[in-house]
Amino acid sequence: MLYDPPITITAEIAERLVSLEGKRLPVPVAPRPEEGLADLIYRAACVNGFTRTSQMFLAKSSYSHAAFALEKVDNPAICELLGTPNGEDDLTGLRYTRWPGPGNWIDFFGAALPKGQFTGWRRVSPTALRHSLHSKAIWHINALTFDPQNYETLLEECPVCRTRLDFRHTAGISRCHVCGPSVDFRDFPQSIIDSDDMAALDFGTGLINPGSPDGKARVSALHPEIRDENPGHLFILCVLIASIFEDSRRVSGRRVISQATVSPQNLARAARAVLSWPEGLMDILSSSGTFSSSGEKSQAHSFSALCRGTHVLNSSLYDLVNQLSLRTKMRETKAGPLRRLQLSADSFSADEASAITKFGALQHSGVFAAARMRTKLPPVVLFNCYLSGVCGPLSSRSNEVKAHILGWASALRFYIARPAADILRDVRVRSFVASFGLNSGDVWPAVLAAIQDGTLPVKRAPGIDDPQIDDLYVDDIAAWHRFLLTAKGVIASAKFPLSIRDIAFYLDVSLSTVVRYRVFDLTQSVTYDDVQHFRRENILLTQLICVAATHGRQMSRSKVHKELDAAGIRSPGDNLASRCRDRSMARARPNQLRRFTVPRVEALRYYGLL
């Protein structure tokens, strides 16, 4: 008869158990709900009378959730030894496999967690053991100190002799191997944790709790920026946010992930910040400021620096944290894209001034978010399309402005029959405009209109039936050159503060590149005029390669970097303050900027591209 839980013996199961005679344990076991592989093996050792888990596997000396997260497991051998009724199918979900992609992420019941989050010792909930004498995988996550279902604080040492519980000694699931039968953990119930926001706490633990199947599904209802993230990634973000309020904020980021725990109260605060993204996290960042790491020579650092130090956040979440950190600074200094623009009465027409002021209030609305999702164009470009008349007539009513922009964005299509022959050699539309569009105003509205009416020939990326702006390639380089030389840009918004997303679009780089290379002082207002001034003075290495490609020359970034360095063409970082009008560029390490951008005229003249 199988040990708890009882299983109906079918002919196939009976045949399997008979075939394993001499190979399996005397008392076979089957997985219980929410068990991990370490829990199952430990229970098997207990019910079969072993005093140490290693007596079952002579070749292995370490058994814990951390150990199984780090090592490959011989699944067939374990299934035969334990006598699992359905073979390897019984271990599905229990064994920890590596999550696809970079980094040391482990698949924890569908949630991606860093391997450092798994404990190397045993934890138990006395109350839970009263209901069922088996261990749960969720008890062995470093950050959690309680059972997410009954909210009881977990025991990780004997309440009598204070010996830490482990997976090596097998006196019993509810027993201490030192005290023996005289101590039963079920007789020592622990305190019930409390939180001011139990709903948020349930959300945070539900992201990874195998006993809460609906927890992961709630991710789809989050803010659009984070709703596609893996629940495990969001849980780790919650742990990092909670660590701001813990003493663990004084240790390194790596230890926050691998060793430190967070209190239920702080985990609830962190989960609420994720639920109310992005404002929730911005409020926390605004109130927390900077904090110190351990050590006498430690320096204050920001939350984004803490996240960078952990090396566990995926790139998309880390970029979002960086953006929110900068937006928080902008909000505090009343500068940047979140402030209202003060317009001079004689700068623009009355209609333009009214429209631009309205954009300051509308750019973060759901309408612009929906239009951006459809077109992959930043809000300022969408609004410039509106100002240029592409979307319809100007209006003083907010609802009409929204309707015109969203209607145009929803109808925007690039029906292009001809695919690009070689996307490695063809030039992307965004790269071309970023390299040659040095006009006084924003030329993107004119470019988009010309593509739609066929004036500017383009090609689409192979395999893309409904291309967006990032999927388009220049077809006739000469025609594009002629168009950009005479195209009239929208100047009405040239002095409007840009967001990081706007800057990244105009430079044709990623959001993280704008932040990492610190080309502009993002704590101050950065306008389209500032971006154009920078582009006229400097050229990105990627854009230099793009210009060369329009002349039929193929160059690599590493080769360009070495050749310009040998030629003594200096980075703007070498003499930053004097080269930049109004000091709009922040101080950056010269070697970083040298790998990113060089003086435009000098570089083009060196390669004969002027």
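Contact here means heavy atoms within 4.5 Å. With that in hand, take phenylalanine 235 in this predicted model: leaving aside residues up to four places away in sequence, phenylalanine 235 touches Leu113, Ile141, Ala143, Leu144, Gly204, Leu207 and Ile208.

**The two cores**

Phenylalanine 235 belongs to the largest nonpolar core, a set of 89 residues. Along with Phe108, Phe118, Ile208, Leu237 and Phe303, it touches the most other members. Which helix gives the most to this core? That would be α7, residues 231–243, with nine residues. Apart from this core lies another one, of 77 residues, and Cys385, Val427, Val447 and Val547 are among them. As background, nonpolar side chains in soluble globular proteins tend to be buried together.

**The overall picture**

Zooming out, the protein has 610 residues, and 53% of them count as buried. Its secondary structure comes to 27 helices and 11 strands. If you look at contacts with a separation of 6 or more, 67% of them are between residues 24 or more positions apart. The exposed surface is about 26900 Å², with carbon and sulfur atoms supplying 50% of it.

**Rings with rings**

Now for the aromatics. There are 13 aromatic pairs in the structure. To describe such a pair, you give the distance of the centres and the angle of the planes. Here are two of them:

| Pair | Centre to centre | Angle between planes | Type |
|---|---|---|---|
| Phenylalanine 432 and phenylalanine 436 | 4.6 Å | 40° | tilted |
| Phenylalanine 520 and phenylalanine 534 | 5.5 Å | 65° | edge-to-face |

Why is the first pair tilted? Its planes are at 40°, and a pair counts as tilted when the angle is neither under 30 degrees nor over 60. Both phenylalanine 432 and phenylalanine 436 sit in helix α17 (residues 429–436), four residues apart, or about one turn of the helix. Phenylalanine 432 is buried, since its relative accessible area is 0%.

The second pair reaches across elements. Phenylalanine 520 is in the loop between α21 (511–517) and α22 (528–537), while phenylalanine 534 is in α22 itself, so the pair ties together parts 14 residues apart in sequence. Buried or exposed? Phenylalanine 520 and phenylalanine 534 are both buried.

There's also a cluster: Tyr96, Phe108, Phe109 and Phe118 form one aromatic group. Two of its members, Phe108 and Phe118, turned up earlier in the largest nonpolar core.

**Charges over rings**

Two arginines are worth a look as well. Arginine 164 has its charged end over the ring of tryptophan 121, at 3.9 Å from the centre. Arginine 269 lies over the face of phenylalanine 245, 3.6 Å from the ring centre.

How values were computed. Residues numbered from 1 in each chain as written. Predicted model: local features only at pLDDT ≥ 70, side-chain atom pairs only at ≥ 80, totals over all residues. Heavy atoms only, no water. Phe/Tyr/Trp six-rings, centres within 6.5 Å; stacked < 30°, edge-to-face > 60°. Helix = DSSP H or I, 4+ residues; strand = E, 2+ residues; numbered from the N terminus. Buried < 20%, exposed > 50% of the residue type's maximum accessible area, 1.4 Å probe, protein only. Lys NZ or Arg CZ within 6 Å of the ring centre and 35° of its normal. Areas by Shrake-Rupley, 256 points an atom, 1.4 Å probe, with all protein chains shown as cover. Core = buried A, V, L, I, M, F, W, Y, C linked by side-chain atoms within 4.5 Å.
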